[in-house]
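These are my notes from an afternoon of looking things up in a structure. I went helix by helix and sheet by sheet, and I kept the entries short.

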Amino acid sequence: MQAIQARFKFLFQSTKGLILVAIAAIALVTALWGMLSGPMAEWGVREVAVDLFGFDLDPAEREGRIVILYHTIAMGVVAILVYMITGLIPMKEHERVSINFSATVGYITSMVFGLAFAYFGRNWAFHGLYLLGLSIMFFTGVLLAVALRPWRKDYRNPDPAYAHLRGMNLERAALFVMSVATLGSAVFGAVAGASYGNGFETFLAEDLIRWPDKTDLQFAIVGHLHIMLALMAVALALVIGRWFDWKGTLHKISMPIMMLGTTVMTAGTWAVVPMHGGAAHTIIYAGSTFVLLAGLFLVIFGFSKIIRERLAEQGIKKASFWQGLKALLHDPVRFGTLWQMVYMNFCTSFVGIFVAVKLDEIFRVWPSRDERLILTGHWHILSGIIATIILLYYADMAGLKGRVRKVFGWTVILGSDAAFGAVTVFEMKRLFVSELNQQPVTDITMLIADIGLALVLVALAALMVWRLVDLFERDGRWRKELAETGYTEVEADTREGLISAQELAK
Amino acid sequence: MKVKLFLIAIMALVLAACSAAEAGEPPVIETGVDPEAWARVPAGEFLMGQFDHPTVIDYDYEIMVTHVTNAQFAEFLNAALADGTIRFNEDKTEVLGYYPGDEFHGYRHEERIDEGDWLLFPVDEEGVRLEFDGETFTPLAGYENHPATFVTWFGARAYCEYYGGRLPSEAEWEKAARGTDGRPYPWGGEIERNNANFYSSRDPFEEGVGKQGDTTPVGFYNGKTYDGYETIDSPSPYGLYDMAGNVWQWTGNVYDKQHYRYLRGGSKGEYEHWLRVWASINIAPDFAGPSVGFRCVRDVAAAE
């Protein structure tokens with residue numbers, strides 16, 4: 001019993017344990033729900049899954065189900081980001097504990113009851129609990145914002161190497177701005193969501209394209225989903241920056257830019273409602289340019305640091321281009337977290353800009369179905385890239401080392417990039433192939449995407465199995481990671497009966 | 001060595017994916033469903049859209065039991081070209097017809113649809129199922145009773161009006177598809193692979209061309225077994241066939257502030273959720289493609 005308690009404490013109180021549980025939960029949901037669409041449906045796996053698990057897939061409720069599924073996965077990802085932030089950013093222990101606890105209760109409640117409501121009969125008590133979970137996640141955000149308030153005197157950082165304003169830590173301020181923007185944007189979606197059942201009907205944003213007159217509530221939902229994903233990306237960039245101990249000139253330039261970008265981008269997204277699109281898009285473009293610029297500076301700093309540290313390890317003082325490149329690629333886990341940010345531009349940013357510029361000339365001439373594909377592909381890739389960065393960062397936290405670390409890192413990078421690249425080609429295929437002749441392009445791109453994603457999932461599964469096996473070991477990694485959060489090994493041993501209470505008292 | 005084997009396996013899979021064969025002449029299948037038949041839809045209330053909004057159509061109307069077929073469309077082109085209702089462009093690569101134009105509102109993304117002659121049918125577009133010998137249109141062998149494709153909205157409208165009908169409004173189309181009980185598919189609440197022709201539905205016409213498949217003869221899903229392939233009888237409550245899948249169907253509504261026209265029913269190239277009776281896509285009215293067809297409605301008085 002004590003052994004279970006100690007492991008339970010690791011899984012639900014330590015930063016690494018909490019992240020492990022959330023990744024495992026999302027992986028489980030992805031694996032199970034992935035059977036219901038795409039190639040799994042084509043291969044007949046869906047029918048088997050429906051029979052086996054009793055999924056209730058009422059055709060009229062598909063959009064509602066998908067909205068809830070997206071929210072449950074998003075809550076898991078938000079919880080992971082919260083754990084990462086509380087693990088990296090100084091705050092009082094009681095704040096860290098209460099924020100993490102709230103996030104855990106929130107995402108698990110929304111995930112369990114949201115999916116139960118959406119896919120296993122319409123039990124409205126479950127729907128209420130799902131909303132309760134979302135509300136707890138909002139409360140978590142409030143706690144986080146309070147803990148991150150940058151004007152706190154006890155967390156000033158006047159170190160000249162880092163961005164600060166009269167001692168106020170600007171990185172903390174950027175995280176605070178992100179948290180407040182996220183809370184406001186959550187309210188933005190919640191207000192619209194609260195109107196369901198009062199004449200406002202469930203929809204997927206991609207199904208609204210080309211409607212000349214969208215309602216305010218529809219605009220609010222469209223704005224909500226865009227900004228929430230963008231803010232998750234901002235949060236992750238700041239987390240990765242802290243992991244790299246980002247500092248120096250680029251840090252000092254980037255933090256104000258990141259704050260400005262986050263604020264403008266969020267304001268632009270909110271402005272979509274009163275402005276009904278139009279000029280609000282210009283505001284969003286301006287804000288996201290700032291954010292992308294800060295991201296670029298992070299990548300420049302991080303790549304330089306990776307190269308510098310590796311060359312120092314090798315004792316190379318003046319490196320050739322190839323030695324520099326080799327040093328950059330030496331550790332795929334660290335390299336990958338930043339490379340994925342670069343790669344995102346090829347699959348989403350550049351594609352998005354091209355589509356916006358040529359919208360009427362090219363994309364609005366296509367059937368709406370083809371234009372819709374770009375939208376769904378676009379944001380699935382963006383979500384996927386965020387997931388792979390989290391995964392790579394977690395691999396480092398979990399202690400992957402040596403050859404296994406390299407295999408894991410390159411598998412995730414190459415597998416996901418092949419998949420995202422293939423999906424980008426797939427969604428843009430009408431540019432170079434007609435509907436009549438598209439089947440080979442569809443087959444090849446989908447095959448590459450499936451293989452790529454399968455590789456990533458296998459790598460993820462291997463990581464999860466490794467950590468699961470570790471949990472059964474008495475002196476596994478989990479014990480050390482638990483100790484890192486102040487829950488000492490002695491205490492763990494005591495709970496397991498390895499040391500008597502009297503010995504501990506001595 | 002292992003890496004090489006892995007790469008070879010990947011290449012083999014990619015090449016296998018590339019090997020989608022060209023569609024040859026399809027098997028000639030008589031479904032027994034008459035493309036000349038019409039079904040009557042009585043006046044009254046029905047549930048429209050995904051959220052079942054009570055909607056009233058206060059008149060009886062008739063709608064074609066199947067899509068317009070290649071044979072029917074060829075016959076129309078020959079007749080209407082002969083009597084001058086429609087015409088060729090100068091090099092006979094396009095069939096054109098008059099359209100009185102739409103009101104232009106100058107709305108964002110809206111394109112002008114002015115009065116004049118518009119494309120009805122692209123004669124030499126790759127994939128069209130009609131042959132033209134310089135004088136007469138004839139359907140390709142085996143495709144006579146398949147739905148006419150590559151017909152623009154203007155072409156579909158011209159066809160229907162030529163025979164005294166019109167394109168169905170979205171409401172007329174949906175009521176004809178689902179009846180009055182709010183069902184999501186024309187035949188009921190669930191979809192099986194042999195209910196309709198959709199993406200990866202594994203019908204015999206997917207063989208050789210891949211999962212997006214080919215058109216199936218109109219009325220194919222009528223419970224018959226064709227060369228070992230068993231279909232489920234899948235009519236709508238009013239006895240219409242192919243109201244889900246095969247090819248999308250133009251509807252007649254012209255909406256303010258946009259030039260797009262809406263299509264219903266899903267197609268051979270779509271996943272099954274696009275076959276739900278309320279699902280729609282939209283395209284400019286001069287679009288012609290391999291997954292787009294139509295059927296007509298007519299007023300009961302005209303029919304009698």
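**Entry 1: a helix pair in chain A**

I started with two helices of chain A, and I found that α2(A) and α5(A) are roughly antiparallel to each other. I should say at once that the model is predicted. The helix α2(A) covers residues 15–33 and α5(A) covers residues 62–88. Their axes come within 9 Å and cross at roughly 165 degrees. Angles over 145 degrees count as roughly antiparallel, so the label fits this pair. I also looked up the hand of the crossing of α2(A) and α5(A), and it is left-handed.

Which residues meet here, between α2(A) and α5(A)? On the α2(A) side I listed A:T15, A:L18, A:I19, A:A22, A:I23, A:A25, A:I26, A:V29 and A:W33. On the α5(A) side I listed A:L69, A:T72, A:I73, A:G76, A:V77, A:A79, A:I80, A:Y83 and A:G87. Sorted by type, the residues of this contact are 14 nonpolar and four polar, with no charged ones.

**Entry 2: a step to A:V97**

From A:Y83 I went on to A:V97, which is 14 residues away along the chain. The C-alpha atoms of the two are separated by 9.9 Å. A:V97 sits in helix α6 of chain A, residues 93–119. Is A:V97 buried or exposed? I counted 14 other C-beta atoms within 10 Å of A:V97, so A:V97 is partly exposed. For reference, buried would take 20 or more such atoms, and exposed 12 or fewer.

**Entry 3: a second helix pair in chain A**

Next I took helix α9 (residues 216–243) of chain A together with α15(A). Their axes come within 11 Å and cross at roughly 25 degrees. That makes α9(A) roughly parallel to α15(A). I noted that α9(A) passes α15(A) in a left-handed crossing.

From α9(A), the contact uses A:L229, A:M232, A:A233, A:L236, A:I240 and A:W243. From α15(A), it uses A:W379, A:L382, A:S383, A:I386, A:I389, A:I390 and A:Y393. I sorted the residues of this contact too: 12 are nonpolar, one is polar and none is charged.

**Entry 4: where the chains touch**

How many residues does each chain give to the contact? I found 22 residues from chain A and 31 residues from chain B. On the chain A side, the elements that give two or more residues are α15 (368–397) and α17 (439–471). The largest share of that side, six residues, comes from α17(A). By type, the chain A side divides into 10 nonpolar, two polar and 10 charged residues.

**Entry 5: a three-stranded sheet in chain B**

Turning to chain B, I looked up an open sheet of three strands in the order β1-β4-β16, with antiparallel pairing. The edge strands are β1 (38–41) and β16 (297–299), and each pairs on one side only. Neighbouring strands of this sheet are turned by 30 degrees against each other on average, direction ignored. Helix α4 (residues 170–178) of chain B packs on the sheet and touches β1, β4 and β16. The direction of α4 makes about 75 degrees with that of β4(B).

I then checked one strand pair in detail. Four bridges join β1(B) to β4 (residues 61–64) of chain B, and the two run antiparallel. B:V41 has B:Y61 in β4(B) as its bridge partner.

**Entry 6: a hairpin in chain B**

I found that β2(B) and β3(B) form a hairpin with four residues between them. In the turn, B:G49 has a positive phi of about 85 degrees. Strand β2 (residues 44–48) is joined to β3(B) by five bridges, running antiparallel. I wrote down two of the facing pairs: B:G44 stands opposite B:I57, and B:F46 has B:T55 as its bridge partner. How many of the five residues of β3(B) are buried? The count is zero, and this strand (residues 53–57) is hardly covered.

**Entry 7: a four-stranded sheet in chain B**

My last stop was an open sheet in the order β14-β13-β12-β15 of chain B, with mixed pairing. β14 (280–283) and β15 (292–293) stand at the edges with a single partner strand each, so one side of each has no neighbour in the sheet. Further in, β12 (residues 248–250) and β13 (residues 261–264) pair in the antiparallel sense over two bridges. There, B:Q249 stands opposite B:R264 in β13(B).

Terms used. Residues are numbered from 1 along each chain as its sequence is written. Chains are lettered from A and ligands numbered from 1 in the order in which they are written. This is a predicted model: local features need pLDDT of at least 70, side-chain atom pairs count only at pLDDT 80 or more; totals for chains, interfaces and linings use all residues. Two strands pair if DSSP finds at least two bridges between them. Axes are lines fitted to C-alpha atoms, for helices over the stretch in contact, and angles run from 0 to 180 degrees between N-to-C directions. Two residues are in contact if their C-beta atoms, placed from the backbone, lie within 7 Å. Ala, Val, Leu, Ile, Met, Phe, Trp, Tyr, Cys and Pro count as nonpolar, Asp, Glu, Lys and Arg as charged, and the others, Gly among them, as polar. Angles under 35 degrees count as roughly parallel, over 145 as roughly antiparallel, 65 to 115 as roughly perpendicular and the rest as oblique. A crossing is left-handed if the near helix is turned anticlockwise from the far one by less than a right angle, and right-handed if clockwise.
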